[in-house]
Amino acid sequence: MKTSQNFGLFYFMLTAVQIIICNCFHLSAYVTLSILPVMILCMPASWNTATAMLTAFITGLAVDLLGEGLMGINALALVPVALLRKPVVQAIFGKDLIEREEDFSFRKYGAGKISIAVLIMQSIFLLIYITADGAGTRTFWFNAARFGASLAAGYVLSMIVAKTILPEDRK
C-alpha cells in the first residue's frame, strides 16, 4: 500500500517532470501536455479536499513560476480539479472507496474505470486552462481543436503516470 511519504516523493518528482515538460516539450500550439490532473486524482484518499486544493494551488504556482511563464494559469485550472477529486472518485469507483479512505488501483478497478476518471479530470483542467489561456482572443474552433489534441496526448501520458503512482501497481 502507498504511504504518504512515498506518495510525496513521487509527487515531487512528477512536479519536476511537469516543469521539464513545460520548458522542453512544445509540440505545437494545439497541444498542452499536463500530468498535473492525474497527480491530483491519484492523491491518497486520506487527504481531505482542503489539503488537496492547497497542494494543487502550490503545485500550480510552482509550475507557473518555473515552467509556464504565465503566472497563475496552472493554479487556476488545477484547484477545481482538486475540489472535484472526491466526487469524481465516488461517482466512478463507488461511495465505499471514499468512506473507507482506500486508494484505487489498476488491479482492483481496471484500466477502463481509471481511464474515465483520468479523462474527466483532464477535461476539467483543460477546459479551464484553455479558456484562461485564450482569454477570448482565440476562436471556438481553435480552442476545440486544442482541447481535443491536448486531451488525447494528456490521456496517454496520464495513464502512464497513473500506472506508476497508484498503489499495488508499483514494485
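This report walks through the core, the cavity, the pockets and the cysteines of a predicted model.

## The nonpolar core

Let's start on the inside. The largest nonpolar core has 46 residues, and the ones touching the most other members are Ile-40, Phe-93, Phe-104 and Ile-114. Eight helices give two or more residues each to this core: helix 1 (4–24), helix 2 (36–41), helix 3 (49–68), helix 4 (73–83), helix 5, helix 6, helix 7 (106–134) and helix 8 (140–165). Helix 7 is the top contributor, with 11 residues. As a bit of background, nonpolar side chains in soluble globular proteins tend to be buried together.

Which residues does Ile-114 contact, once its neighbours within four places in sequence are left aside? The list runs Phe-93, Phe-104, Ser-105, Phe-106, Met-159, Ala-162 and Leu-166. Phe-93 and Phe-104 turn up here as contacts of Ile-114, and they also sit among the core residues that touch the most other members.

## A closed cavity

Where is empty space left? Rolling a probe the size of a water molecule over the atoms shows that. Searching the whole structure for cavities of 30 Å³ or more turns up one, and the largest cavity holds about 70 Å³ of space.

Its lining is made up of Leu-41, Met-43, Ala-45, Arg-85, Lys-86, Val-89, Leu-97, Ile-98, Glu-102, Asp-103 and Phe-104. Phe-104 is thus a name to remember, as it lines the largest cavity and is also a well-connected member of the core, one of those that touch the most other members. By type, the cavity lining has seven nonpolar residues, four charged ones and no polar ones. Helix 5 (85–93) and helix 6 (95–99) each bring at least two residues to the lining, with the largest share, three residues, coming from helix 5.

## The largest pocket

Now for the open spaces. The largest pocket has a volume of about 310 Å³. There are 17 residues around it, and His-26, Val-31, Thr-32, Glu-68 and Tyr-129 are the closest to its centre. Helix 1, helix 3 and helix 7 are the elements that give it two or more lining residues.

Which helix provides the largest share of the lining of the largest pocket? That's helix 1, with three residues. The lining here is a mix of nine nonpolar, five polar and three charged residues.

## The second largest pocket

The second largest pocket contains about 200 Å³ of space. It has 13 lining residues, and Tyr-11, Phe-12, Thr-15, Thr-59 and Ala-62 lie nearest its centre. The elements that supply two or more of the lining residues are helix 1 and helix 3.

Helix 1 gives the most to this lining, with seven residues. There are no charged residues around the second largest pocket; its lining divides into nine nonpolar and four polar.

## The cysteines

How many disulfides does a search of the whole structure find? Zero. Take Cys-22: it is in no disulfide, and the nearest cysteine sulfur, in Cys-24, is 9.7 Å away.

Why is Cys-24 not bonded to Cys-22? Because the 9.7 Å between their sulfurs is too far for a bond, given that a disulfide needs the sulfur atoms within 2.5 Å. The surroundings of these cysteines are worth a look too: Cys-22 counts as buried, at 6% relative accessibility, whereas Cys-24 is exposed, with a relative accessible area of 55%.

Conventions:
Residues numbered from 1 in each chain as written. Predicted model: local features only at pLDDT ≥ 70, side-chain atom pairs only at ≥ 80, totals over all residues. Heavy atoms only, no water. 1 Å grid on protein atoms, 1.4 Å probe; cavity = no way out; pocket = protein on both sides within 12 Å on 5 of 7 lines; lining within 4 Å. Points joined across faces, edges and corners; volume = space filled by probe spheres on them. Helix = DSSP H or I, 4+ residues; strand = E, 2+ residues; numbered from the N terminus. Nonpolar A, V, L, I, M, F, W, Y, C, P; charged D, E, K, R; others polar. Core = buried A, V, L, I, M, F, W, Y, C linked by side-chain atoms within 4.5 Å. Buried < 20%, exposed > 50% of the residue type's maximum accessible area, 1.4 Å probe, protein only. Contact = heavy atoms within 4.5 Å.
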